Each structure stands twice: as structure tokens, then as C-alpha cells.
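Me: I should like to go through the cysteines, the nonpolar cores and one pocket of a protein model. Please reason briefly before each answer.

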Amino acid sequence: MASRPPSPRNKPPNSTVRFRSENPRNPKSRLGSVSVQLWVFFFFNQKPEHSVFVCSVFFISAFAAVGAELEEVVAVIESRPRKYSTHTTRSWEFSGLNLAAGYDVAESSLIVGILDSGVWPEAESFSDEGMEAVPKSWKGICQTGQEFNSSHCNKGFETYYGRLDATEDYRSPRDKDGHGTHTAATFAGRQVRNASALGGFARGTASGGAPLARLAVYKKIGGNTCFDEDMLAAMDDAIADGVQVISISIGADEPLSPVNDSLSIGALHAARKNVVVVCSGGNDGPKPGTVVNTPPWILTVGASNMDRGFLGTVVLGNGMKITGQTVTHHKLPKRLPLISAADAALPWVPDNETDQCLPDSLAPEKVRGKIVLCLRGSGTRYLKGVEVKRAGGAGFILANTAALGDDAAPFMASFSSRGPNVIHPCILKPDVAAPGVNILAAWSQASPPTKLSQDRRSVKYNFDSGTSMACPHVAALAALLKAIHPTWSSAAIRSAIMTTGRTITDERGHTATPFQFGSGQFCPSKAADPGLVYDASYTDYLLYLCSYGLKNAGERFNCPKFPPPMYDLNYPSVSVPKLNGTLTIKRSVMNVGGDGNAVYFFSAKPPLGMTVTARPSVLFFSRVGERKEFTLTIEAREYYGEGGYGFGWYSWRDNYHVVRSPIAVSMG
């Protein structure tokens, strides 16, 4: 593990932040200190001899200076403590990945990175027993610190951290929150038998998706605070250290433009080095237009449910039985009376909160010795239980206010953020969905299972839910694909995961849309052999940014006078905002299947009132690596309302593969 020395948070206004450059004479150089001031200025194409600062020659550079006015400044980004936040066993078996079957030995030489709140190194999921020496491609170091010494860096950790208050978090790679340990174990944790959550729930073998990969942990969250400076420095380190896949379960509190999104800037430079960056899409669903981490060089993940359920039955006095989920293994010794929270609320509680079991809302004389029925809505589930206990209740039932669908899993989680992509409307997001509800993984023993100060319990494994948990599932699959296909680009890996996804339902049993799951639920068993891939390069992304309006996105890169339109970026999905009549889109695919000889036929299920055709409609391949171009023409035949999106699909099929892409179109 490695990190920068702590940097104070009370630096004067004229302090600077500078990140390590990719200097061919000293690739591991560390430049200056890291400041957490309010503004960060990003610039490229800066020659060192023309600046009083030590700037980057080839890579990410940044500095903070209040009131600075320089021609080289491309963007000014406000660095706010709450600008970015975390998006908070059986999931691999459920997803169809047979971990017992093993994978190519190349997996053990892979280096994968996670940017989060650190790690609990003693967790059995991070044991290095039986692993060989650190791969020579590793360029990082082991950073020691508070309650973290060199013995905790087994065979492949690195971390980054800023100056942290020791009362809030460890000044070291150690995780005090639990989020980082959980996502790291889901990503690349070793197989641990007989793991379970508190109370023995979900007992079985816990494992990450890429358990033989080398895990580098970069701590960029301190005291639940994420700064732009910390995030960029961590990504800079990860790229220079030889990490091949980065998992980031963090995102902004709202969609950000490219010039204001540090995570997007860092991921773009990762794409330049062919590093796969996988990010969570956010937990602000079901509201539309809430998905974050949406540039085309990031693989964005939504969250779905799986078939894990812990069922319990409530038997009413009239004999009626109601089955639901439970988190207790205790049995009642006798029948107890049931009371609604609304009938036990204190007089001062507002009418719209009487059934919520909020703190200090229940009358003890009405609740004592009874089971209390609380409704979901306001307040946390844990604190509802705390309130029932405070008032003397024997237990409580938590009820939904509306019935949910009963379709078989997987189905989309209602909290998963949705499209459309308000920042990059020609890029459909999220890209895929993966399990993100009730995921069991290793946990920091410095953090209680509820993460609340009232909770004094400690666990080794814990459940957590969110797109944060879905993200490392997809990152692990990307790592496995990297091991199987080491020459594939990051875009090809993203394409393989997307075009092999499958359609699932929403939480009410209706077919979900691409604004919920992108290309569908990821399918690990199919992604290794997708047949065709949509490839894209760093230059393609720069051309995309030229069309977006950023004329100096890359150093030593000049935008052409007429850059290609944004919708022509070779992406595995199609998003067309405000279609007027007919639009023709360019795409190309590369053959990666079988012995190279293949014939693919086009088919489409267009959005309502539209036609979708391809030219040519048949693609002939004679070798692996061969590329074919085609055009998609989308024509609106009927008007069905301004602004509303319609959804469809198009596919390329041969005898073995179905290469499917979603379509989202709105009328102009």
C-alpha cells in the first residue's frame, strides 16, 4: 500500500495542490503537497520552464490557488467536502460465475485498484496465503501509518490518503467506515468459508469476483469526506503504479459537466493508459436524470436485486399469516399484542409522522410489551427499532406503504439512479446493472454494522446495499476479461460486458428500461465470448470532447475544424435526444469470436413509432481482429409526444452470438 504524507486542512489561502506527473526520467516523483482549499485549477499543455510551479509534462496536473489568473487554466472546479459521496457470497453464484472452476493463471498477475475509505487488512478476505510474489508490473509502495504497519501490506496493497482527523478516521490505509473493506472484498476478496452476517444470516463461502487478482487499495475518503484533490491524486497513483482495473464506488451529489468533474478527468487519463474504470451510478432513483459518472470512458453501474431473502412469518390473532423479510433469528416465547405506531404516538407528533416510529415519538405506556407496526418513509430502519426499544416495545414490524412486484430476481433496485444522461445526452447511462442489494462482504471491525454511533456491535462480515456494491461486481468481471483477453482495450472490455447483458424487470414486475439498467443485467458467463466488440480509443474520446465544446481537452491535441458529431462515438448503445425526422449514426465492430470466420445478420426492435435499419445489414468476417463499419438509420414514422423517450434494441447475430445494443430516442 502507498499514500502521500498527510496534508493539513488549515493551509493558508495561497497554498497549492500539485499532483505527480508522468515524468519519463522519474516516473515515481511526488510533487509538492496536497491542499484542501476551495478551488482547483486544471490545465494541460503547460511547459515546466514557463511556470513557477512544477507541472506535469504528460499526465494529470493540478494546483490550487485562490484568485489565480493564468491563460493555461482550462477549468476551475469547486472542491466541496460533500461534492462526492459513497454509493452505498451468493451474488457471484447467482450471476452465473463459477468461481470453483478457476480461471487462467494470468488472473494472479493482474493488479486491480479500488478507491474508497481504506481497508481492514486483518479480514480473512485479504489473506495472501498461497499467492506468489508481487508481479514485476507493480510500481507502488507500502504506506505505513496509524494502526497500520508494513506487515499489513501483504502482497499487493497501495493506498492514498490526505490529512485526516484521527478522531474521525485513521491516518493510514486502515478503514474505519466499512465501505472500502466491503467493496474491496466484493471486488477481489479471497474465498472464505463459513462467513455470515450478524445472527448467522447468509452463512456460506464469501468471495470476491476476482479472488486471485492483486488488490491495491487507495484511501481517498476521510471521515466520509471526499475532495477533488484526494481523488485525482489517488487515480494518478493507481495509473502510475500499474493498476489495470479501477473500481470507484463514489460519485457526485448531482451530475457534473466534464470540466467540473474530477473523477471524469482522472478516468479520461486512465483511458489513455488503457485502464478500465468502473463507477457506481448513484442511489437517487427512481427519479429520472439522476445517474452520475456518465462520460463514455467510464463503465457506469446500476444496482439490481438477487434471489437472497430472509423470510419470516407474522401470525395474527385471527390466524392470518403474513410472510416478509426478517433480520432476527429470535423466536417469540408467546403471543404478544400488536399496535400501530399511529395509535401509540405522542400528542405532539405531526399527523404525517405518527406511523413512522421516529425518535421520541412513541408513548411508553401504550407500547410497553407489544409489537409495534412502523411504516417506512422517514427515518432509518435502525432508529425505528431503537425508538420501539426505548418505549419498551418487545419488537416491531416494518411495513412498506405500497405493494411491490413478485417477479423472480434479478430485478432493478428502486434506489438505483436513472437516465437520461443529462450531461452527455448522446451517451446512454447507466451501462449495465449488477447485484447491489443485501451483499455480504468483509467489514471494518472499527465500524458497527449499522454505522451508527448508538450501535456498539462489531462484525467481520456485513450486508450492505447500493450501487456501491454493484460496482465492484462489474469491476471484477472486467478484471477477469483482462486476464482472458490481455490485449483488449478498455473500451472492448466495456463493450463485451454491455452487449451480453440481459433484460430484467423493475421492482414492480414491469420490464425495466435502458434508463434503469443500460444494456441489461451483466452476464459473466457470456462476456468472455461476445463475438463482436465496439472499440474506441483515447483519441476518439478527445474528438468527442471537441464536439462537446472542449477545445483543449488533451495536451498536444488540436481539435479539427469539423469534429465528428457526439452520437458517432463508437459506443455499444445508442441515445438520441430530440430526434427530428431521420438520423444516420456511424458504428464499427471488431470480430473477436471463434476462428475468425463469421457472418452476422442485423435485426432490430425499434422504439414505438420508429424504424431502425442498418447498412449493410450483413457483416462478413474472415479473421479475428477484422473491423467492419456500418450505419444505423433511425426514422420517426409517428409522433408520440415531445420529450418522451422510446426504447428499443438492435442486434448482430451469427450462429453462436447475439451482440445486442439498447436504443433510447426522444422526439424533437
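The exchange below concerns a predicted model.

Me: How many disulfides does a search of the whole structure find?

Reply: A pair of cysteine sulfur atoms counts as a disulfide when they lie within 2.5 Å. C357 and C374 meet this cut-off, with sulfur atoms 1.9 Å apart. C546 and C559 also meet it, with their sulfur atoms 1.9 Å apart. The search of the whole structure gives a total of two.

Me: Is the disulfide of C357 and C374 left-handed or right-handed?

Reply: C357 lies in the loop between α5 and α6, and C374 lies in strand β18, 17 residues apart. Both cysteines are buried. Because the torsion about their S-S bond is about -80°, the disulfide is left-handed.

Me: Which residue of the pair C546 and C559 counts as partly exposed?

Reply: The pair links distant parts of the chain, with C546 in helix α12 and C559 in the loop between α12 and β24. The relative accessibility of C546 is 2%, so this residue counts as buried. At 21% relative accessibility, the residue that counts as partly exposed is C559.

Me: Why is the sulfur of C471 not bonded to the closest cysteine sulfur, in C279?

Reply: Burial does not separate the two residues: C279 is buried, with a relative accessible area of 0%, and C471 counts as buried at 0% relative accessibility. C279 is in no disulfide. The sulfur of C471 is too far from that of C279 for a bond, at a distance of 6.0 Å.

Me: Which helix gives the most to the largest nonpolar core?

Reply: In soluble globular proteins, nonpolar side chains tend to be buried together. The largest nonpolar core here has 97 residues, of which F187, L215, I248, W297, V474 and I497 touch the most other members. Another core, of 25 residues, lies apart from it and includes M610 and V659. With eleven residues, the helix that gives the most to the largest core is α8.

Me: What is the volume of the second largest pocket, and how many charged residues are in its lining?

Reply: The second largest pocket has a volume of about 390 Å³. Of its 19 lining residues, D540, D568, L569, N570 and S588 are the closest to its centre. The elements that give two or more residues to the lining are α12, β25 and β29. The lining divides into eight nonpolar residues, four polar residues and, as the charged count, seven.

Note on methods
Residues are numbered from 1 along each chain as its sequence is written. This is a predicted model: local features need pLDDT of at least 70, side-chain atom pairs count only at pLDDT 80 or more; totals for chains, interfaces and linings use all residues. Side-chain values use heavy atoms; hydrogens and water are left out. On a 1 Å grid over the protein atoms alone, a cavity is a set of points where a 1.4 Å probe fits but cannot get out, and a pocket is an open set with protein on both sides within 12 Å along at least five of seven lines; lining residues have an atom within 4 Å of a point. Grid points are joined across faces, edges and corners, and a volume is the space filled by probe spheres set on the points. Helices (H or I, at least four residues) and strands (E, at least two) are DSSP runs, numbered from the N terminus. Ala, Val, Leu, Ile, Met, Phe, Trp, Tyr, Cys and Pro count as nonpolar, Asp, Glu, Lys and Arg as charged, and the others, Gly among them, as polar. A nonpolar core is a set of buried Ala, Val, Leu, Ile, Met, Phe, Trp, Tyr and Cys residues joined through side-chain atoms within 4.5 Å. Buried means under 20% relative accessible area, exposed over 50%, partly exposed in between (1.4 Å probe, protein chains only).
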